[in-house]
Amino acid sequence: MRRALLTFLIALLPISGYAMRVDNFVLLDHEGDAHELYYHGDASAVVIMVQGNGCPIVRNALTDYKALRDQYQDQGVEFLMLNSNLQDNRASIKKEADEWAIDFPILVDETQLIGESLNLIRTAEVLVIDPKGWQIVYRGPLNDRLDYERQRNEANEHYAAKALDAVLSGEAQAIEVAQRDSIGCLINFPERNQQHAAISYSKTIAPLLQENCVVCHQEGGIGPWAMSDYNMVRGFAPMMREVLRTKRMPPWHADPHIGTFKDDRSLSNEELQTLVHWIEAGAPRGEGPDLLALADNRAVDWPLGEPDLIINIPAAEVPATGVVDYTFPVVKNPLDYDVWVVAAALVPGDRNVVHHILVGSTESDDVEDQAERGFDNYLHGYAPGNESAEMPEGTGVFVKAGGNYQFQMHYTPYGKATVDESKLGLYFADTPPANFLRQTVAVNPMIKIPANDPAHQEQAYITFDKDAILYSLVPHSHYRGRSSNFELKYPDGTSEIILSVPNYDFNWQRTYHFVEPLAMPAGTKLIHRTVYDNSVRNPANPDPTREVPWGLQSWDEMLYGAVQYAWVDERSDAPIHDQQLSETYQFIGFMDKDMDGKLVWSELPRDMKKRLVQGFKAVDKNGDGGLDAEEFLAMRRDGEKRKPEAAAGAGGE
Ligand code: HEC
């Protein structure tokens, strides 16, 4: 039977080979959410129906597909849809989903690479995949109810259900019919059957790698292997295919449909197709010189040039194993004059152990007082891929003479004891820039992520009370961070998502700099949201059984969205920034659940309720039943007048 089937198949398919095993992939769906196939490794089966806009067979089959889900999802079966159509895109698929009430995630295969590798031919085809070994155990129509231009009231044969029964009873091998002729709309794969072996390594592939990958994959770079010549690339070619399909490389995690960012390291759909097709054609060398072998690619310490000031961070001994608490070394500012910092770089001493470094300056001379305190001026954050940063045009960070540079160091031991000697390099402006670069953070220290929850969302927001310009964003969470976004809510009531990171990866802490800085009129709210995956399916999850609170260490979590901006009406010789007001907005932004700009009684944390049990009415000066930023700030300043020593400890990020 099986042999007959195979012969039949080979005769049927115009392509060589038959995808029985499905390699892993990551795709974004029509809502912009990321899906990784192998995430469902512990599912009892994964079912994918091929969708295509406007295909009557797909539309007609929806009820049956939903019925199949109703029948099997309680038994751990996952249901997805996949759109590989050349003519469809996220917006048109979303429209189709709305009009036809499609409530399955429709994975959008923009490069067609996944559809090609699955040998898709028609829409409406259903694939039943057994996650044990990732074999396709059935492909064909859902059932026998539909045919072109005729349909029955009810199906007699339930092919997909039969296949599922077999998988669920552990008899996937014994499925009698693994493939049936499908009906549906033919999908156009123009790249299929092309002579991909003709893609030139010399003219196309090597320059593409040089342009997009070599910055890290070179001698002394942060990539684990150097793309030093054709032989290296050929050896790693299958691995390259895997990391491209799963969107691990190049490390760039922003949804390409939202916003445009500087240093965008993602590949275009066309580049992805070219590279993967070349690999699938056997990564042929072809004729011509080998650019990678000829180029003298070598990482340099200071890609921005020799700094104006180099600060050596005190050496730290890092043990071979175990957990190293965050450290907060402080170095006296050696300069006795004021400077404007316009660029900064951090060079890790031992890249193996430096997870991240944050640096800022603090104005007080008291070294003892600095540990764990916030910065007065945030300067730069290092993580692999984020070595150096130039401040936006016309801005800089003002650092006064004296004071200290303060660091936050996070080390992750890697099996060998080592001593880390990292360095900070600073670049100064010759003449003061026009404006201050400001930094704030949308944080929520009150997060609580329930045990085993695969998609728990937390949020915080910042109100900009004066006209501002937004330059960059950094979404930050830990191992349970699944996706993050930032939304601007304008005073006129409109809103837009300005950055979405659907497939957050803790290993990559990146600053997203807008190519065109965004205007935030006074009253704009910047909302930061993160979804956490605290389930066993998250392979990075240290402990799914735990309710996770806020904490610096990686086994705890953070909701932390860093923001660089400038006040439109601020000038470097005429500051208008009010740090305490900024902190007040931060504070309101994580407690104000309904985001109306004020905290009503029920939104206050317990300790604050205790303190305000008598005084709420007095603080609520305008008597509207809620405390807004002005009222909070007045309360804080009142308190400081009464207790001057308490005021000294406030401040920082
Ligand atoms: C910003 C730096 C950076 C860029 C750009 C980059 N890589 Fe990587 N790459 C890394 C690092 C670091 C690792 C190891 C950690 C990881 O896998 O996340 C890695 C891992 C890999 C691996 C996996 C090695 C293994 O065996 O696990 C492959 C393959 C790879 N990169 C290919 C590419 C390709 C192809 C490109 C360009 C299209 C690229 N990388 C661009 C830094 C980079």
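Two strands are said to pair if DSSP finds at least two bridges between them, and strands (E, at least two residues) are, like helices (H or I, at least four), DSSP runs numbered from the N terminus. The model on your screen is predicted, and for that reason local features need pLDDT of at least 70 and side-chain atom pairs count only at pLDDT 80 or more, while totals for chains, interfaces and linings use all residues. Residues are numbered from 1 along each chain as its sequence is written, and side-chain values use heavy atoms, with hydrogens and water left out.

**Stop one: strand E13**

Select residues 339-347, which form strand E13, and you will find that eight of its nine residues are buried, a word that here means under 20% relative accessible area, against over 50% for exposed and in between for partly exposed (1.4 Å probe, protein chains only). Add strand E20 (residues 423-428), which pairs with E13 in the antiparallel sense over six bridges, and then strand E17 (residues 395-399), which is antiparallel to E13 over three bridges. Valine 341 is a good residue to label, since opposite it stands phenylalanine 428 in E20, while valine 397 is its bridge partner in E17. Strand E16 (residues 388-390) also pairs with E13, again in the antiparallel sense, over three bridges, and there glutamate 390 stands opposite alanine 343.

**Stop two: the ligand**

Now select the ligand and the 20 residues around it, counting a residue if one of its heavy atoms lies within 4 Å; Cys213, Cys216, His217, Arg248 and Met249 come nearest. The side chain of histidine 217 has an N or O atom 2.8 Å from a nitrogen atom of the ligand, and the side chain of arginine 248 has an N or O atom 2.6 Å from a ligand oxygen. Helix H7 (residues 230-245) gives the most to this shell, with three residues.

**Stop three: helix H6**

Move to helix H6 (residues 201-212), where the buried residues are Tyr201, Ser202, Ile205, Ala206, Leu208, Leu209 and Asn212. These buried residues pack against H7, helix H8 (269-280) and helix H9 (291-294), where contact means heavy atoms within 4.5 Å. At the N-terminal end, serine 200 caps H6 through a side-chain oxygen that lies 3.2 Å from the backbone nitrogen of serine 202.

**Stop four: the largest nonpolar core**

A nonpolar core is a set of buried Ala, Val, Leu, Ile, Met, Phe, Trp, Tyr and Cys residues joined through side-chain atoms within 4.5 Å. The largest one has 49 residues, of which Phe464, Leu470, Leu473, Ile498, Leu499 and Leu526 touch the most other members. Helix H10 (residues 579-591) supplies the largest share of this core, five residues.

Which strand holds isoleucine 498? Isoleucine 498 is found in strand E27 (residues 495-501), and it counts as buried because its relative accessible area is 4%. Leaving out residues up to four places away in sequence, isoleucine 498 touches, among others, Ile258, Phe261, Leu470, Leu473 and Leu526.

**Last stop: threonine 524**

Finish at threonine 524 in strand E29 (residues 524-532), which is buried because its relative accessibility is 0%. A polar atom of the threonine 524 side chain lies 2.5 Å from the backbone oxygen of proline 521. Beyond its neighbours within four places in sequence, the contacts of threonine 524 include Ile462, Phe464 and Tyr490.

Technical notes. Polar contact = N/O pair within 3.5 Å; in protein donor to acceptor, adjacent residues only side chain to side chain.
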